[in-house]
Amino acid sequence: MTARFRALALAAAMLASGTALACRCPAEPGPAQAYKRAEGVLTGEVVRVDAGAYPGEQQALVKVQQAWKLPLDSEQWVHTRTTCAYSFVQGAQLLLYVFRDSRQHLQTRVCMGNRPLDQARPYLDWLDRHGKPAPVGSR
């Protein structure tokens, strides 16, 4: 068997058995690194969470309070998927770092620097000093 075939067979077997690989973040990004990596940044409240078609996949409707780098609607769907999916909880107040996927949906993942607002003070201070504010509202 070729190495590629073995890797595919192993991945298929793990998916079939329900075993998933855990997400491993190389290091928690600091405020500047998280901002640089993201296409947009927002603060907001999760008002609805829907499960996706795949295990671990979710989409959350977020009432956006502030935005940086990327203009956003006042309510914005944010998607997450893969072994590094961010786990949304309805009612949570969050700081989210996002990017657009190939379908232009906002996406986020665990390793991007996301955090509850009550744990985000150094990140919010950095955004206040260095971030580029973006409009929030109907586009």
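The buried residues of helix H3 pack against helix H2 (31-37) and against four strands, namely E1 (40-51), E2 (58-68), E4 (93-100) and E6 (115-116). This packing is seen in a predicted model, and helix H3 makes a convenient place to start. The helix spans residues 121-130, and its buried members are Tyr-123, Leu-124, Trp-126 and Leu-127. Viewed down the helix axis, these buried residues fall within an arc of 160 degrees, so they line one face of H3. An α-helix has 3.6 residues a turn, so residues three or four places apart point the same way. On the other side of H3, the exposed residues are Pro-122, Asp-128 and Arg-129.

Stepping back to the whole chain, the secondary structure consists of three helices and seven strands. Their order along the sequence is α-α-β-β-β-β-β-β-α-β. The chain has 139 residues, of which 37% count as buried. Its accessible surface is about 8,400 Å², and carbon and sulfur atoms account for 55% of that area. Among contacts between residues at least 6 apart in sequence, 63% link residues at least 24 apart.

Strand E2 offers a good route through the strand pairings. E1 and E2 run antiparallel and are joined by ten bridges; Glu-45, for instance, has Lys-63 of E2 as its bridge partner. The two strands form a hairpin with six residues between them, and Gly-56 in the turn has a positive phi of about 85 degrees. E2 also pairs with strand E3 (residues 75-80), again in the antiparallel sense, over six bridges. Here too there is a hairpin with six residues between the strands, and Lys-69 in the turn has a positive phi of about 75 degrees. A further antiparallel pairing, over two bridges, connects E2 with strand E7 (residues 133-134), where Ala-134 is the bridge partner of Ala-67.

Turning to the interior, the largest nonpolar core contains 16 residues, and those that touch the most other members are Leu-42, Val-62, Leu-72, Val-78, Phe-88 and Leu-96. Strands E1, E2 and E4 each supply at least two residues of this core, with E2 giving the most, at four residues. A second, separate core holds 13 residues, including Val-41, Trp-68, Leu-95 and Trp-126. Trp-126 is also one of the buried residues of H3. In soluble globular proteins, nonpolar side chains tend to be buried together. The surroundings of Val-62 are worth a closer look: leaving out residues up to four places away in sequence, Val-62 touches Leu-42, Gly-44, Glu-45, Val-46, Ser-74, Glu-75, Gln-76, Val-78 and Leu-96.

A polar residue of strand E2, Gln-58, completes the picture. Gln-58 is buried, because its relative accessible area of 17% falls under the 20% cut-off. Its bridge partner in E3 is Thr-80. Apart from neighbours within four places in sequence, Gln-58 is in contact with Val-49, Asp-50, Gly-52, Val-78, His-79, Thr-80, Tyr-86, Ser-87 and Phe-88. The C-alpha atoms of Gln-58 and Ser-87 are separated by 7.6 Å, although the two residues are 29 residues apart along the chain. The side chain of Gln-58 also reaches the backbone nitrogen of Phe-88, at 2.8 Å; Phe-88 is itself among the members of the largest nonpolar core that touch the most others.

Terms used. Residues numbered from 1 in each chain as written. Predicted model: local features only at pLDDT ≥ 70, side-chain atom pairs only at ≥ 80, totals over all residues. Heavy atoms only, no water. Buried < 20%, exposed > 50% of the residue type's maximum accessible area, 1.4 Å probe, protein only. Arc of directions from axis to C-beta. Contact = heavy atoms within 4.5 Å. Areas by Shrake-Rupley, 256 points an atom, 1.4 Å probe, with all protein chains shown as cover. Core = buried A, V, L, I, M, F, W, Y, C linked by side-chain atoms within 4.5 Å. Pairing = 2+ DSSP bridges. Polar contact = N/O pair within 3.5 Å; in protein donor to acceptor, adjacent residues only side chain to side chain.
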